[in-house]
Amino acid sequence: MKLRTQNPPHIRSRESNLTMMTDIVIATLPLYAMAVYYYGTRALLLGGFGVIVSSLADGACQLLAGKIPNIRDLSGAVTGLLIPLLLPASAGYSMILLAALFGIAVAKQPFGGMGQNIFNPAAAGTAFAMICWPKSAFAYPIPFERLPAMVDDTVRLVSSPAYSLSLGGTPNIDLLDMLLGNVPGPMGGTNILVLLTCLIFLIVRKTVGLAMPAAFLGGASLMALLTPRVDAPALTAVAYELMSGLLVIGAVFLINDPVTSPKRTLPKIFYGFGTGALSVAFRHIGRYEESFLFALLVMNATVWIIDVWGEHLAHAMRRKNREFKTNPPVSEPAEQDVGAAQK
Amino acid sequence: MPFVIVPTLSLRAGLLMSAFLAAATIPSAVLASLVGRKIPPLFSLPFYGAVSTGCVLLLRFCVSGQALLLEDLGVYVPLAAFNGMMLELALVHPRRRASDALHDAVMMCFGFLLVAAFLSALREFLGSGSLWGVPLTAPIRIRGLVLPFSGFILIGFLSALFRRVDSIIIGRMLRASRRTAKQGGDAV
């Protein structure tokens, strides 16, 4: 074998922060296209505004910390793109501004910045905006009603199917409309088919895995099955629960954040399942009609202990496997054999 | 820290909380410097606790007309009698001279007053849209500021800001002293 000396790094991967973030940016483009189709160019303005604010905040915080600003990894831009998708298309620019600033300057940079944050910045910023402006955050424009660049009182705002579910009523909307996104709701959270396509794209690109989204939706479905909020057949109730609110967009973009999620597969499944179940549980007892973001932030805080347990479990399994290989179990000989041997 | 975060949702509440803390801390600190180690350690906590409780009750009697404010402060009024500043000045580090003890206690309470006033004014103005109970038009209303978690975040940022200012001042002092030392060495 011919050995060749070379300077490190010795293991290279085509994946980098930039490629992963670029994939996520590409995955959000169809959602923005659908938002423009439903609500007009205001959707693009919100997205662009979010990207600019987040990127500037990211760079400014890095400067304050004495680092060289690096916005080329697009992490700030991804946060800026996701925040408007989690809010109504009628959300004010001040709401986007504060959500982005909170997400970057409070949830991300104080913990060390990219790769070291505990909480998902987009989720934290949007949750803060929901707390500060609950009326604006949960009032949605009607699809196909074009919104002006500056929303005023003339814009008609209605509640989403999630609100009907929170009151214990069945939404007066066809499930097919919910699948196609022709319902009032968060700007990027209603187009279920497009979201699932984005998820497939990200899985094919190996930016995200299947374990966490599947476990998340499984946990949410199981909780919805056990504790239905509507008087409807079980599967219909589960479908309404999954397709309303931010569950699907959370499964695609937020729960798969590689920084704030566990590292090994089994902990990922546990984390995803727990987040899904907690999201539906919070819908029962929470104050807001949509509580996925709060459930995600709570689970983000537990990721470190899930990782520790995951490592202990992995080591234990590896040890057991090694013991099994070195000392395989010996089967006891039959009585006839013993008698024959003695003779 | 809970004293400066949870009850200070308005400027008046912040100032009143500062007054209660000062009433609990300053007399106990001065008394501890006068009494010294004459009280055995076993009895010092109940003794100084009783003194601070008495002062807090006296102040509460004086402001009993502000029923709504006192209700806003809630359980933090009786808790102020055993605040950390009083415990440190009276029990952990009793000063030998009454003037030193008075100086320490007053400066600590003044620092608390500054932070409480700033935080409570900011949270009332941006969170409730008023200042000292007078409705004002804030450029933006951030209702989340009246929640305790916002108070903790604001305290964290204030602390970071003061540490940054501190490091700049200390850096300048160090550079000045090095320059002086170098000039002295050159002269020699």
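A charge is said to sit over a ring if NZ of Lys or CZ of Arg is within 6 Å of the ring centre and within 35 degrees of the ring normal. With that in mind, look at chain B of this predicted model: B:Arg12 lies over the face of B:Trp132, 5.8 Å from the ring centre. Chain A offers another example, for A:Arg42 lies over the face of A:Tyr93, at 5.0 Å from the ring centre.

Now let us turn to rings that meet other rings. A pair of aromatic rings is described by two things, the distance of the centres and the angle of the planes. Over all chains, a search of the whole structure finds 12 aromatic pairs. One of them joins A:Phe49 to A:Tyr93, the ring you have just met under A:Arg42; this pair is edge-to-face, with 5.5 Å from centre to centre and 80° between the planes. The two partners come from distant parts of the chain, since A:Phe49 belongs to helix H2 (residues 42–64) and A:Tyr93 to helix H4 (residues 93–105) of chain A, 44 residues apart. Is A:Phe49 buried, exposed or partly exposed? Its relative accessibility is 26%, so A:Phe49 counts as partly exposed.

Helix H4 of chain A also takes part in another pair, between A:Phe102 and A:Phe128. Here the ring centres are 4.2 Å apart and the planes are at 5°, so the pair is stacked. This pair, too, links distant parts of the chain: A:Phe128 sits in helix H5 (residues 121–132) of chain A, 26 residues away from A:Phe102. Both A:Phe102 and A:Phe128 are buried. Elsewhere, ring pairs link A:Tyr37, A:Tyr38, A:Tyr39 and A:Phe144 into a cluster.

Next, let us look at the empty spaces. How many cavities of 30 Å³ or more does a search of the whole structure find? There are 2 such cavities. The largest holds about 280 Å³ of space. It is lined by 21 residues, and the closest to its centre are A:Met21, A:Val78, A:Asn120, A:Pro121 and A:Asp257. The elements of chain A that give two or more residues to this lining are helix H1 (17–39), helix H3 (75–86), H5 and helix H12 (247–254). The largest share, 4 residues, comes from H3(A). By class, the lining of the largest cavity has 14 nonpolar, 5 polar and 2 charged residues.

The second largest cavity holds about 60 Å³ of space. Among its 13 lining residues, A:Pro184, A:Thr190, A:Met243, A:Ser244 and A:Gly245 are the closest to its centre. The lining of this second cavity has 7 nonpolar and 6 polar residues, and no charged ones.

Technical notes:
Residues numbered from 1 in each chain as written. Chains lettered and ligands numbered in written order. Predicted model: local features only at pLDDT ≥ 70, side-chain atom pairs only at ≥ 80, totals over all residues. Heavy atoms only, no water. Phe/Tyr/Trp six-rings, centres within 6.5 Å; stacked < 30°, edge-to-face > 60°. Buried < 20%, exposed > 50% of the residue type's maximum accessible area, 1.4 Å probe, protein only. 1 Å grid on protein atoms, 1.4 Å probe; cavity = no way out; pocket = protein on both sides within 12 Å on 5 of 7 lines; lining within 4 Å. Points joined across faces, edges and corners; volume = space filled by probe spheres on them. Nonpolar A, V, L, I, M, F, W, Y, C, P; charged D, E, K, R; others polar.
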